[in-house]
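Me: Hey, can you walk me through this one? I'll just throw questions at you as I go.

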2 protein chains.
Amino acid sequence: MKSDNITIKDIAQALGLSNSTVSRALQDSYKISEAIKKKVQDYAREKNYRPNLVAQSLRSNKTRSIGILIPSIPNIFWGEVINGIESVAHDKNYHFLITQSLESYERELENLEHLMWRSVDGLLISLSTETENLEHLKKVHEKNIPIVFFDRVTDAIETHQVKTDNADGTYKATKHLINNGYKRIAHITSPPNISITKERLEGYYRALKEFNIEVNPDYVKYCYHGGMEVNEVETVLDELLSLKKAPDAVIAASDRITIAVLALLQRRKISIPKKLAVIGFTNFTAPEIFNPPLTTVRQPAFEMGKLATELLIQLIESKRPVTSFEKRILPTEMFIRESTSRKK
Amino acid sequence: MKSDNITIKDIAQALGLSNSTVSRALQDSYKISEAIKKKVQDYAREKNYRPNLVAQSLRSNKTRSIGILIPSIPNIFWGEVINGIESVAHDKNYHFLITQSLESYERELENLEHLMWRSVDGLLISLSTETENLEHLKKVHEKNIPIVFFDRVTDAIETHQVKTDNADGTYKATKHLINNGYKRIAHITSPPNISITKERLEGYYRALKEFNIEVNPDYVKYCYHGGMEVNEVETVLDELLSLKKAPDAVIAASDRITIAVLALLQRRKISIPKKLAVIGFTNFTAPEIFNPPLTTVRQPAFEMGKLATELLIQLIESKRPVTSFEKRILPTEMFIRESTSRKK
DNA sequence: TTGAAAGCGGTACCAT
DNA sequence: ATGGTACCGCTTTCAA
């Protein structure tokens, strides 16, 4: 006996009214007399009437639900993003379905299909690292399903974008390292195809150029699974360390990569920052308890989830087709700690 | 144009059959001739027919959705739990609605009501620290909504429980500290009313008793908001440190408390383990990168989410009322590192 | 074996 | 201002 809830029909019967009248009264329609409205609304309140959302959905073809496509759930950064999404969804009475691609294109396809099948009203999407072909998304977009891209975005589909100011993040990080005497600065990052990687590289190159430091292509390393595979970080780190001119500093591009780098350096007993300075893009609560306290670039994860959801709900609820789209870029914050202490 | 999907009616029309025949053919009913079945199924596949889940839900009064009531989303432990839930839900074709109580009884009530309104088929619940009164859950339970409690459970409602072996976790931790020469062992934990707190205290006391160490009530400190409020951890830690006989070791009961304790000790320049040894209940990926590397008790978060979801779906799909319930207790793992090095 | 029709709980058009 | 009724898409009883 799930639904022992009272329905419109019950109210109609109890008050000797028709279903339509009750429905309209509950919607506060101007066509209904105040007297009846009050009677119906009072009765509904008294009996704790709740409209059956499934029936409403069937009728209206709206589910008040948002589909989320992200790379990974158990992750500091994405946890904060989800929290931001939840904060808006909760207020606006939407719910959200979370799916994770685990950086797999196949699984992204599958998840998208699943979400569409579940009839979500709109999509919040951050692309998997494997995703090159965007046909699946274009098809959905053509069906006029509202989409907002966040974090890992694409320009191939015209809609709102919300992202971190990645370029500025690496720019600040690189500049900080240079100012502290580091010259051979490496960057361990996500796969080259996704937007965040390109943007971060851009900021990194920009800072190097500004200080007339020659770019060494050997210093840029990609983790093709975004750090999901344990070994990939180890491999590239070893490559860096075994260069004839090994780097004296490294910028790690995500929570996962940062933590892997720190763990590996620790295991190898490579001293930070003496042998290698480290800056991490991480949203960990207290990077000051790392050994040594870690200089970090923090991304506005909560804000990103929040804003993306607000924009999405705006799209969903817009009466007229939206034709002008926003690219919102949220600032990062750098926190300087001992892992990048001035080079002696 | 959300739903440009083909419906049963379309298939019926295209093949010159009735809706009912098509519906039955799609369900592979034995009443339908093989010839028609094949025709219908082939056509459905070709046109990529997907049953409208909303319509099915309205009809069947089942939504294939699971409501989740947890204290907090952006949290290492709960992120892993959600991941475990997702793994099962994904396979069994359920979706899940996540709500967070933020340790507030009010919000737990509100979330529960929201989930019921959304017609979830079952509930995964971990109680907020504030929750004393269980009437809201009893009411739902009486409506025969399947419930599985996990982590923070209650015996007041008869159903499956999945939890960590908390007592064994603190028992092992306490014993380890004693064996390493620590005698004045403090415990900073969650509020006294929730199950995990009681269980952890039990293990802590048991180990002390086993070694004939007298219990000092001043050494047990509760964070009444589970560490959600920054100051509460600071307050109790200061109380501990200012005791005439200050503790020489502390066991922190959660990710949040652990991180807060480490950050505070660092800020106060209190050396670990020299001045104070620390063991944390934390699921952080790489506690070896903390300063110093942290001895941890790791909880089987993923497994807990996974198992709880399996049990819940079992309840949901059971043909007959389930009358015998399980209490599943999953083991913790202790990882010994330098934050509890043998006392000199 | 197949089809007609009712009904799940709402909403909204068309009457009156 | 109120009521009757069809319909959203699917399932299932009843009839044939």
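Me: Where does B:Lys344 sit?

Reply: B:Lys344 is in the segment that follows strand E12 (333–335) of chain B; helices (H or I, at least four residues) and strands (E, at least two) are DSSP runs, numbered from the N terminus. This is a predicted model, where local features need pLDDT of at least 70, side-chain atom pairs count only at pLDDT 80 or more, and totals for chains, interfaces and linings use all residues. Residues are numbered from 1 along each chain as its sequence is written, and chains are lettered from A and ligands numbered from 1 in the order in which they are written.

Me: Is B:Lys344 buried or exposed?

Reply: B:Lys344 is exposed, because it has 6 other C-beta atoms within 10 Å. The cut-offs, with C-beta atoms placed from the backbone, are 20 or more others within 10 Å for buried, 12 or fewer for exposed, and partly exposed in between. The C-alpha atoms of B:Lys344 and B:Asn180 are 9.0 Å apart, with the two positions 164 residues apart along the chain.

Me: Switching to the DNA. Which residues are closest to strand D?

Reply: A:Ser20, A:Thr21, B:Thr7, B:Ser20 and B:Asn52 are the closest of the 25 residues that surround DNA strand D. To count as near, a residue needs its C-beta atom, placed from the backbone, within 6 Å of the strand. Helix H2 (19–26) and helix H4 (53–60) of chain A each give two or more residues to that surface, as do helix H1 (8–15), H2 (19–26) and H4 of chain B.

Me: What's the mix by class there?

Reply: The surface near DNA strand D has eight nonpolar, 12 polar and five charged residues. Here Ala, Val, Leu, Ile, Met, Phe, Trp, Tyr, Cys and Pro count as nonpolar, Asp, Glu, Lys and Arg as charged, and the others, Gly among them, as polar.

Me: And how many residues surround DNA strand C?

Reply: DNA strand C is surrounded by 24 residues, with A:Ser20, A:Asn52, B:Ser18, B:Ser20 and B:Thr21 the closest. H2 and H4 of chain A, plus H2 and H4 of chain B, each supply two or more of the residues. The split for strand C is nine nonpolar, 12 polar and three charged.

Me: OK, protein to protein now. How many residues does each chain put into the contact?

Reply: Chain A puts in 41 residues and chain B puts in 41 residues, where contact takes two C-beta atoms, placed from the backbone, within 7 Å. On the chain B side, helix H4 (53–60), helix H5 (76–92), strand E2 (95–100) and helix H11 (255–267) each provide at least two residues. That side of chain B has 19 nonpolar, 14 polar and eight charged residues.

Me: How are the two copies related?

Reply: A turn of 180° and a shift of 0.0 Å along the axis lay chain B on chain A with an RMSD of 0.0 Å, so the copies are related as by a two-fold rotation axis. The superposition is by least squares on the C-alpha atoms of residues with pLDDT of at least 70 in both. Both copies use the same surface, as 100% of the contact residues of chain B recur in chain A.

Me: Any backbone oddities? Which residues does a cis peptide bond join in chain A?

Reply: A:Asn291 and A:Pro292 are joined by one, with omega about -5°. In chain B, a cis peptide bond links B:Ile272 to B:Pro273, with omega about 0°.

Me: What's the phi of B:Glu103?

Reply: B:Glu103 has a positive phi of about 65°, although it is not a glycine. B:Glu103 is buried, because 23 other C-beta atoms lie within 10 Å.
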